[in-house]
Amino acid sequence: MVKKGKRFYMVMLLAAAVSLTACSEGTESTESTGGTNTNTESTGTANTETTKVEEPAKLSGTIEIDGSSTVYPITEAVAEEFGKENGDVRVTVGVSGTGGGFKRFANGETAMNNASRPIKDEEAETAKAQGVEYVELEVAYDGLSVLVNPQNDWVDHLTVEELHSIFKPGSTVTKWSDVRSEWPAEEIKIFSPGADSGTFDYFTETINEEAQQSRNDAQVTFSEDDNTLVQGIAGEKYALGYFGFAYYEENKDKLKVVPIDGGSGPIEPTHETINDGSYAPLSRPLFVYVNKEMLEKPELKAFIEYYLNNAAELSEEVGYIRLPEEMYQENLAKLK
């Protein structure tokens with residue numbers, strides 16, 4: 001009985017030991033599996049590659065622009081600021097006048113044309129014949145300014161009718177006294193933009209009722225360069241001329257602006273009177289025209305987008321009047 005009980009006791013101890021061993025192995029297996037999972041997560045973290053953000057391709061190339069000397073200051077200011085951020089893009093801006101610029105643009109020679117008037121039908125036909133499609137974009141407002149020499153102390157204003165009498169084809173007005181009898185009997189020295197200028201087109205159409213129609217005699221000096229006109233008027237006591245508002249703003253110390261009576265009393269061109277339309281009829285929009293096919297070039301697309309996003313501020317910096325913000329947004333939509 002004793003021996004049998006002792007053997008039974010030993011068997012039970014052995015069974016208990018085996019059971020403990022099995023439990024111990026099961027526990028180790030679970031922890032190992034957990035460890036394996038931990039290692040897997042760690043390995044996953046170690047093997048995760050850092051996502052690289054690719055920088056946009058650097059812009060380069062050449063953009064050639066020509067056209068209006070009136071729009072030139074805006075485009076030149078944009079080109080200068082754009083160049084600070086895109087030094088590998090070369091932007092050249094010419095001043096052959098609106099008409100001269102359209103001749104080149106319509107033949108596909110330039111990417112953009114500055115214009116102080118809308119494109120004419122015959123210019124549009126030439127562009128179509130040459131396969132040149134384009135986008136028309138307004139960029140600012142301008143008011144044509146009529147100027148005299150600062151020594152002129154007799155002209156307080158001019159009417160549209162008086163301007164017409166002076167500038168019409170075949171005009172017989174030679175002296176200031178021919179305009180108003182009480183004014184000096186001195187010959188008027190006239191300074192006018194040239195025939196390729198959009199300013200000339202706008203002024204003659206507005207004042208003489210037909211574009212390009214103007215007196216053309218020995219009393220008139222024509223030039224596409226507004227700076228030449230500034231110097232001419234500033235150097236002649238009996239001078240009279242006209243050009244864009246921005247050039248007057250730049251040269252206030254050399255020139256005297258003439259208020260114009262368009263039927264509602266004499267109004268002087270200012271930022272306010274040009275913007276609200278009260279300076280009539282010599283207020284106008286300014287444009288740039290962009291070659292559609294060339295817009296596929298990333299440097300040109302970036303430039304014109306930069307232009308429209310900054311034209312409001314830069315146009316005012318150089319003396320013009322900004323458009324309403326929604327007009328710039330509408331222009332940007334035209335590029336899509």
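Colleague: What makes strands 5, 10 and 11 an open sheet?

Modeller: In this predicted model, 3 strands lie in the order 5-10-11, with mixed pairing. Strand 5 (158-159) and strand 11 (266-267) are the edge strands, each pairing on one side only.

Colleague: How do you know that strand 5 pairs with strand 10?

Modeller: Two strands pair if at least two bridges are found between them. Strand 5 and strand 10 (residues 260-261) are joined by 2 bridges, so they count as paired. The two run parallel, and Thr159 stands opposite Asp261 of strand 10.

Colleague: Why is Gln219 called buried?

Modeller: Its relative accessible area is 12%, and buried means under 20%, so Gln219 qualifies. Gln219 sits in the loop between helix 6 (198-208) and strand 7 (220-223). Leaving aside residues up to four places away in sequence, Gln219 touches Val173, Thr174, Glu187, Ile188, Lys189 and Ile190.

Colleague: What makes the approach of Gln219 to Thr174 a polar contact?

Modeller: A polar atom of the Gln219 side chain lies 3.1 Å from the backbone oxygen of Thr174. The limit is 3.5 Å, so the distance falls within it.

Colleague: Which residues of helix 4 are buried, and how do you know that they line one face?

Modeller: In helix 4 (residues 121-129), the buried ones are Glu123, Ala124 and Ala127. Seen down the helix axis, they fall within an arc of 100 degrees, so they line one face. Asp121, Glu122, Glu125, Lys128 and Ala129, on the other side, are exposed.

Colleague: What covers the buried residues of helix 4?

Modeller: The cover includes helix 3 (98-106) and strand 4 (134-148).

Definitions and conventions
Residues are numbered from 1 along each chain as its sequence is written. This is a predicted model: local features need pLDDT of at least 70, side-chain atom pairs count only at pLDDT 80 or more; totals for chains, interfaces and linings use all residues. Side-chain values use heavy atoms; hydrogens and water are left out. Buried means under 20% relative accessible area, exposed over 50%, partly exposed in between (1.4 Å probe, protein chains only). Helices (H or I, at least four residues) and strands (E, at least two) are DSSP runs, numbered from the N terminus. The arc is that of the directions from the helix axis to the C-beta atoms. Contact means heavy atoms within 4.5 Å. A polar contact is a pair of N or O atoms within 3.5 Å; within protein, one must be able to donate a hydrogen and the other to accept it, and residues adjacent in sequence count only if both atoms are side-chain atoms.
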